[in-house]
Amino acid sequence: MIIAMRENELAVCYAPFALPYAEIKFNIGYRKDGVIDLFEEGLTNELIMKRFSEPMDCCRYCHNDSIAWQQSSEKILDLLKTWSY
């Protein structure tokens, strides 16, 4: 399992942290869920693992296909820069 972290929040992937920017750029509906605030009252290791085992709302945007990861080309990196501010 890969864990993504941003500030004081954890998620099982980067999508919950990236989708708010896509929501602004592409006007898509997005509901933030599946993110665990490390300062949440009563948070335990067992609760974190339970939440990580449940699919997030944003999982519907991803494929179940296996993708061979590789370094991105310059063309793709230039395209991704247009997503940022």
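In which strand is the place of Ile36? In this predicted model, Ile36 sits in strand β3. That strand covers residues 36–37. The residue offers a useful way into the fold, but the overall layout comes first.

The chain has three helices and three strands. Read from the N terminus, the elements follow the order β-β-α-β-α-α. The chain holds 85 residues, and 20% of them count as buried. Its accessible surface is about 7100 Å². Carbon and sulfur atoms account for 57% of that surface. Contacts across the sequence were also examined. Among those between residues at least 6 apart in sequence, 49% join residues at least 24 apart.

The strands form an open sheet. Their order in the sheet is β1-β2-β3, and the pairing is antiparallel. Strands β1 and β3 stand at the edges. Each has a single partner strand, so one side of each is left without a neighbour in the sheet. In general, the strands of a sheet pair through backbone hydrogen bonds, either parallel or antiparallel. Here β1 and β2 run antiparallel and are joined by three bridges. Met5 has Leu10 of β2 as its bridge partner.

The loop between β1 and β2 contains Glu7. The phi of Glu7 is near 50°, a positive value in a residue other than glycine. Glu7 is exposed because its relative accessible area is 67%, and the cut-off for exposed is over 50%.

Glu9 gives a contrasting case. This residue is found in strand β2, which spans residues 9–11. Its relative accessibility is 17%, so Glu9 counts as buried; the cut-off for buried is under 20%. Beyond residues up to four places away in sequence, Glu9 touches Ala4, Phe17, Lys32, Val35, Ile36 and Asp37.

Ile36 is buried as well, because its relative accessible area is 0%. Which residues does Ile36 contact, leaving aside neighbours within four places in sequence? They are Asn8, Glu9, Leu10, Leu43, Ile48, Arg51 and Phe52. Among these partners, Ile48 belongs to helix α2, which runs over residues 45–52. Ile36 and Ile48 are 12 residues apart in sequence. Their C-alpha atoms are 7.4 Å apart in space.

Ile48 itself counts as buried because its relative accessibility is 15%. Apart from neighbours within four places in sequence, Ile48 is in contact with Ile36 and Leu43. Leu43 also appears among the contacts of Ile36. A further distance was computed from Ile48 to Asp37, which lies 11 residues away along the chain. Their C-alpha atoms are separated by 9.9 Å.

Helix α1 was considered next. This helix spans residues 15–26. Its buried residues are Ala15, Pro16, Phe17, Leu19 and Ala22. An α-helix has 3.6 residues a turn, so residues three or four places apart point the same way. Against which strands do the buried residues of α1 pack? They pack against β1, residues 4–6, and against β2. Phe17, one of the buried residues of α1, is also touched by Glu9. Just after the helix, Asn27 takes a positive phi of about 55°.

Further along, the loop between α1 and β3 includes Gly34. Is Gly34 buried, partly exposed or exposed? Gly34 is partly exposed, because its relative accessible area is 30%. Leaving out neighbours within four places in sequence, Gly34 is in contact with Leu10, Ala11 and Met56. Leu10 is thus named twice in this account, since it also serves as the bridge partner of Met5. Gly34 and Glu54 are 20 residues apart along the chain. The distance between their C-alpha atoms is 8.1 Å.

The last feature is a pocket. The second largest pocket has a volume of about 270 Å³. Which residues line the second largest pocket? The lining is made by Ile2, Ala4, Val12, Cys13, Tyr14, Met56, Cys59 and Cys62. These divide into eight nonpolar residues, no polar and no charged. Two of the names have come up before. Met56 is in contact with Gly34, and Ala4 is touched by Glu9.

Key
Residues numbered from 1 in each chain as written. Predicted model: local features only at pLDDT ≥ 70, side-chain atom pairs only at ≥ 80, totals over all residues. Heavy atoms only, no water. Helix = DSSP H or I, 4+ residues; strand = E, 2+ residues; numbered from the N terminus. Buried < 20%, exposed > 50% of the residue type's maximum accessible area, 1.4 Å probe, protein only. Contact = heavy atoms within 4.5 Å. Areas by Shrake-Rupley, 256 points an atom, 1.4 Å probe, with all protein chains shown as cover. 1 Å grid on protein atoms, 1.4 Å probe; cavity = no way out; pocket = protein on both sides within 12 Å on 5 of 7 lines; lining within 4 Å. Points joined across faces, edges and corners; volume = space filled by probe spheres on them. Nonpolar A, V, L, I, M, F, W, Y, C, P; charged D, E, K, R; others polar. Pairing = 2+ DSSP bridges.
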